[in-house]
Amino acid sequence: MPDGTLAGRPAPAGVAAAGAGRDAHPLVVRNLVKRYGAGRPEVLKGISLSFEPRGVVAIIGPSGTGKSTFIRCINRLVEPTSGEIRFMGRDIVSLGRQELRLVRRRIGMVFQEYNLVERLSVMENVLCGRLGYVPAWRAWLRRYPQADVEQAFDLLDMVGLGDFVHQRADSLSGGQRQRVGIARAVMQDPDLLLADEPTSSLDPKTSVEIMELLARVAEQRHVPVLVNIHDVTLARRFAGRIVGMSEGRVVYDGPPDGLEDEHLRAIYGGEDWLS
Ligand SMILES: Nc1ncnc2c1ncn2[C@@H]1O[C@H](COP(=O)(O)OP(=O)(O)OP(=O)(O)O)[C@@H](O)[C@H]1O
Ligand SMILES: [Mg+2]
């Protein structure tokens with residue numbers, strides 16, 4: 001994979017270069033509770049976490065513990081039941097539709113199943129990252145500003161897909177699709193990147209490459225990257241911080257080298273599987 005840098009437009013005023021002017025914690029979650037319907041059990045039981053302006057945070061925990069629910073509450077793909085999610089100083093939970101749309105375009109999301117538009121080319125999929133910014137008629141006519149097209153070329157080089165620009169998404173491998181998904185998310189010029197099991201469908205080598213890419217985004221774009229991940233080894237290798245969840249609560253929050261067997265038992269339960 002080429003070792004390019006992350007091309008990008010200058011950050012807008014207020015979210016200036018090198019993080020100057022940003023909150024110490026651009027994302028602060030307080031007492032987040034989620035229940036899927038009245039009378040249903042709480043899936044998230046009061047999560048409180050603060051995230052620094054950059055770095056990869058891995059969220060680990062058993063299936064069904066609420067990792068996806070948590071990450072989706074942050075951009076309100078899932079509606080929180082109660083609590084506060086302050087992002088760049090604003091409470092996402094209380095935003096109206098219009099404001100939410102504006103805030104959402106600064107939150108990139110990378111999905112396990114990529115969520116590409118299959119019949120569109122790689123380039124068009126990446127340009128979809130600008131949909132929140134360009135007027136609807138431009139998107140409809142597929143006439144994106146030249147600066148966007150140039151940035152998309154740079155990003156595709158960066159993710160190693162410079163030779164695949166015109167190829168249709170449905171002809172790509174899983175690893176290539178995920179690279180497109182990351183380039184599309186970065187095209188949003190995000191202040192925060194969320195990734196829900198971005199490597200679960202990929203082979204081990206490709207998984208490492210995708211995590212390297214996400215780590216590079218965090219470092220070069222000065223954005224926090226939150227990654228839900230089942231692979232504890234990958235989490236340890238690429239995250240500067242690990243959040244361990246169990247039954248809707250945070251039971252570990254600390255550096256990878258502080259994650260001991262006792263924590264893994266608290267997160268996943270049992271111990272037979274630990275050898
Ligand atoms: N739309 C929904 N409606 C009702 N219950 C849901 C919904 N989405 C998730 N749940 C429930 O919430 C709980 C947490 O699910 P979630 O997908 O957040 O877990 P997860 O930690 O991401 O699991 P996995 O590791 O398998 O992806 C589960 O019990 C799940 O069945
Ligand atoms: Mg999940």
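Which residues are around ligand 1? In this predicted model, where local features need pLDDT of at least 70, side-chain atom pairs count only at pLDDT 80 or more, and totals for chains, interfaces and linings use all residues, this is a convenient place to begin. Residues are numbered from 1 along each chain as its sequence is written, while chains are lettered from A and ligands numbered from 1 in the order in which they are written.

The shell around ligand 1 consists of Tyr36, Val43, Gly61, Ser63, Gly64, Thr65, Gly66, Lys67, Ser68 and Thr69; a residue is near a molecule or strand if its C-beta atom, placed from the backbone, lies within 6 Å of it. By character, the shell divides into two nonpolar, seven polar and one charged residue. Here Ala, Val, Leu, Ile, Met, Phe, Trp, Tyr, Cys and Pro count as nonpolar, Asp, Glu, Lys and Arg as charged, and the others, Gly among them, as polar. Helix H1 (residues 67-74) supplies the largest share of this shell, three residues. Helices (H or I, at least four residues) and strands (E, at least two) are DSSP runs, numbered from the N terminus.

The strands can be taken sheet by sheet. Strands of a sheet pair through backbone hydrogen bonds, either parallel or antiparallel. Two strands are said to pair if DSSP finds at least two bridges between them. One open sheet has four strands in the order E2-E1-E4-E5, with antiparallel pairing. At its edges stand strand E2 (42-51) and strand E5 (90-91), each with a single partner strand, so one side of each is left without a neighbour in the sheet. Strand E1 (residues 27-35) runs antiparallel to E2 and is joined to it by seven bridges, with Lys34 opposite Leu44 in E2. Helix H1, met above at the ligand, lies across E1, E2 and strand E4 (82-87), running at about 60 degrees to E2. Axes are lines fitted to C-alpha atoms, for helices over the stretch in contact, and angles run from 0 to 180 degrees between N-to-C directions. Two residues are in contact if their C-beta atoms, placed from the backbone, lie within 7 Å.

Another open sheet is formed by six strands in the order E6-E7-E8-E3-E9-E10, and its pairing is mixed. Strand E6 (107-111) and strand E10 (249-254) are the edge strands, each pairing on one side only. From one strand to the next, the twist averages 20 degrees. Strand E3 is joined in the parallel sense to E8 by five bridges and to strand E9 (residues 241-246) by four. Across these pairings, Val57 has Leu226 in E8 as its bridge partner, Ile59 stands opposite Asn228 in E8, and Ile60 faces Gly244 in E9. Strand E7 (residues 192-196) also pairs with strand E8 (residues 224-228) in the parallel sense, over four bridges, and Leu194 stands opposite Leu226.

How much of E3 and E8 is buried? Five of the six residues of E3 are buried, as are five of the five residues of E8. A residue is buried if 20 or more other C-beta atoms lie within 10 Å of its own, exposed if 12 or fewer, and partly exposed in between, with C-beta atoms placed from the backbone. In E8, Pro224, Leu226 and Asn228 point one way, whereas Val225 and Val227 point the other way. Helix H7 (residues 204-221) lies across strand E3 (55-60), E7 and E8, and runs at about 155 degrees to E8.

Helix H6 (residues 174-187) is largely enclosed by the rest of the structure, because twelve of its 14 residues are buried. Among them are Arg177, Val180, Ile182 and Met187. Their cover includes E6, helix H3 (122-127), helix H5 (146-158), E7 and H7. At 1.5 Å a residue, H6 should span 20 Å, and its end C-alpha atoms are indeed 20 Å apart; the expected span is 1.5 Å times one less than the number of residues. After H6 comes Asp189, whose phi is positive, near 55 degrees.

Finally, Asp231 lies in the loop between E8 and helix H8 (232-238). Asp231 counts as partly exposed because it has 18 C-beta neighbours inside 10 Å. Leaving aside neighbours within four places in sequence, Asp231 is in contact with Thr199 and Ser207. The C-alpha atoms of Asp231 and Gly66 are separated by 16 Å, and these residues are 165 residues apart along the chain.
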